[in-house]
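Please find below my note on the structure you sent round. The points are numbered for ease of reply.

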Amino acid sequence: MFTKIIHTLKERKFLFEELVKRDFTKKYKRTILGMFWSVLGPLITLGVMALVFTHFFGRDIEHFAVYMFCGNLLFSYFKESTNQGMMALYYNAEIFSKVNVPKYLFLLSSNVSSLINFGINLVILLAFSAIDGVVFTWKFILLLYPILCLVVFNLGAGLILSALYLMFRDLRYLYDIFTLLLMYVSAIFYSIETFPQVYQNIFHLNPVYVYISYFRKIILDGEIPQLSLHLLAAGYAIIALVIGAVIYKKKNYKFLYYI
């Protein structure tokens with residue numbers, strides 16, 4: 001499967017590049033600040049959250065702004081990537097209904113455009129961490145691991161959501177509610193250390209929290225996460241991708257009937 005995808009990307013390189021450019025720039029169309037919003041938006045969000053939550057949750061957490069930035073950065077990437085993935089087939093129906101192109105190209109392009117936005121904000125996070133006095137170590141290289149896992153997880157989730165959305169248009173509104181609830185159980189602005197151990201374990205059922213926790217272990221604690229966190233990060237990514245690929249393969253021939 002992966003060999004086929006790579007071969008397709010090589011064959012359709014120009015189309016894929018144009019789709020990525022379109023997906024990344026279209027959300028800033030007719031805006032005065034343009035792509036600067038990809039930087040300004042997260043900074044405004046971080047500023048508001050810092051003002052609101054520092055008084056309640058930040059007293060016992062060192063580098064609290066960076067702590068929140070890690071959580072907000074990864075959750076925002078997850079939300080943006082999966083939301084765009086969910087709409088990828090629907091928004092490009094006019095193309096694949098007339099031209100014979102692999103439909104997963106649209107999903108991949110939306111994922112890449114979200115990843116570019118994430119990369120820009122990751123640079124800001126690292127710069128902000130340096131200003132806040134966070135000590136940089138060689139372990140920061142390991143941040144590539146949760147990023148790779150999250151990319152794969154988002155791709156799998158996007159395959160699932162895009163296929164289901166063509167059949168159930170209510171999914172868009174249900175997903176908005178789901179991501180709102182997910183944000184509150186991803187420990188973005190609070191620590192789970194005050195909870196009993198049994199509840200702390202429950203948090204690890206949330207894939208997004210696992211990736212956030214990995215980031216914080218590296219950046220704030222300067223520690224290599226335990227093996228269980230590595231396995232969970234990879235496991236969630238693989239499971240999401242396999243389920244997404246199976247659903248996509250089974251429903252692929254039916255997509256044209258729902259557009």
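The points go from the whole chain to single helices and residues.

1. The model is predicted, and the comments here should be read with that in mind. The chain contains twelve helices and zero strands. Along the sequence, the order of elements is accordingly α-α-α-α-α-α-α-α-α-α-α-α.

2. On burial and surface: the chain has 259 residues, of which 46% count as buried. About 14,100 Å² is exposed, and 69% of that comes from carbon and sulfur atoms. Among contacts with a separation of 6 or more, 78% are between residues 24 or more positions apart.

3. The largest nonpolar core has 50 residues. Phe 118, Leu 125, Phe 153, Tyr 211, Phe 215 and Ile 219 have the most contacts inside this core. Two or more residues each come from helix H4 (64-91), H6, helix H7 (144-167), helix H8 (171-184), helix H10 (207-219) and helix H11 (227-251). H4 gives the most, with 13 residues. Another core, of nine residues, lies apart from this one; Ala 88, Phe 106, Leu 108 and Leu 241 are among its members. As background, nonpolar side chains tend to be buried together in soluble globular proteins.

4. H10 deserves a paragraph of its own. The helix has 13 residues and spans 19 Å from its first C-alpha to its last, close to the 18 Å expected at 1.5 Å a residue. H10 is mostly covered, with twelve of its 13 residues buried. Polar side chains are included in that set: Ser 213 and Arg 216 are buried in H10, as are Pro 207 and Tyr 214, among others. The buried residues of H10 pack against H4, H6, H7, H8, helix H9 (197-203) and H11.

5. At the N-terminal end of H10, the cap is Asn 206. One of the side-chain oxygens of this residue lies 3.0 Å from the backbone nitrogen of Val 208, and Val 208 is itself among the buried residues of the helix.

6. Which residues does Tyr 211 contact, leaving aside its neighbours within four places in sequence? They are Leu 74, Pro 146, Cys 149, Leu 150, Phe 153, Ala 233, Tyr 236 and Ala 237. Phe 153 is, with Tyr 211, one of the residues with the most contacts inside the largest nonpolar core.

7. Asn 111, in helix H6 (residues 104-131), is a polar residue worth checking. Is Asn 111 buried or exposed? Its relative accessibility is 6%, so Asn 111 counts as buried. The side chain of Asn 111 makes a polar contact with the side chain of Tyr 77, at 3.4 Å. Beyond four places in sequence, the contacts of Asn 111 are Tyr 77, Ser 81, Val 151, Asn 154 and Leu 155.

8. The search of the whole structure for aromatic pairs finds 15. One of them joins Tyr 184 and Phe 189 edge-to-face, with 6.2 Å centre to centre and 80 degrees between the planes. The two partners are covered to unlike degrees: Tyr 184 counts as partly exposed because its relative accessibility is 43%, whereas Phe 189, at 7%, counts as buried. Both belong to one aromatic cluster with Tyr 190, Phe 195, Phe 203 and Tyr 209. Of these, Tyr 209 is one of the buried residues of H10.

Notes: Residues are numbered from 1 along each chain as its sequence is written. This is a predicted model: local features need pLDDT of at least 70, side-chain atom pairs count only at pLDDT 80 or more; totals for chains, interfaces and linings use all residues. Side-chain values use heavy atoms; hydrogens and water are left out. Helices (H or I, at least four residues) and strands (E, at least two) are DSSP runs, numbered from the N terminus. Buried means under 20% relative accessible area, exposed over 50%, partly exposed in between (1.4 Å probe, protein chains only). A polar contact is a pair of N or O atoms within 3.5 Å; within protein, one must be able to donate a hydrogen and the other to accept it, and residues adjacent in sequence count only if both atoms are side-chain atoms. Contact means heavy atoms within 4.5 Å. A nonpolar core is a set of buried Ala, Val, Leu, Ile, Met, Phe, Trp, Tyr and Cys residues joined through side-chain atoms within 4.5 Å. The expected span of a helix is 1.5 Å times one less than its number of residues. Accessible areas come from the Shrake-Rupley method with a 1.4 Å probe; for residues, only the protein chains shown count as cover. Rings of Phe, Tyr and Trp (its six-membered ring) pair if their centres lie within 6.5 Å; planes under 30 degrees apart count as stacked, over 60 as edge-to-face and the rest as tilted.
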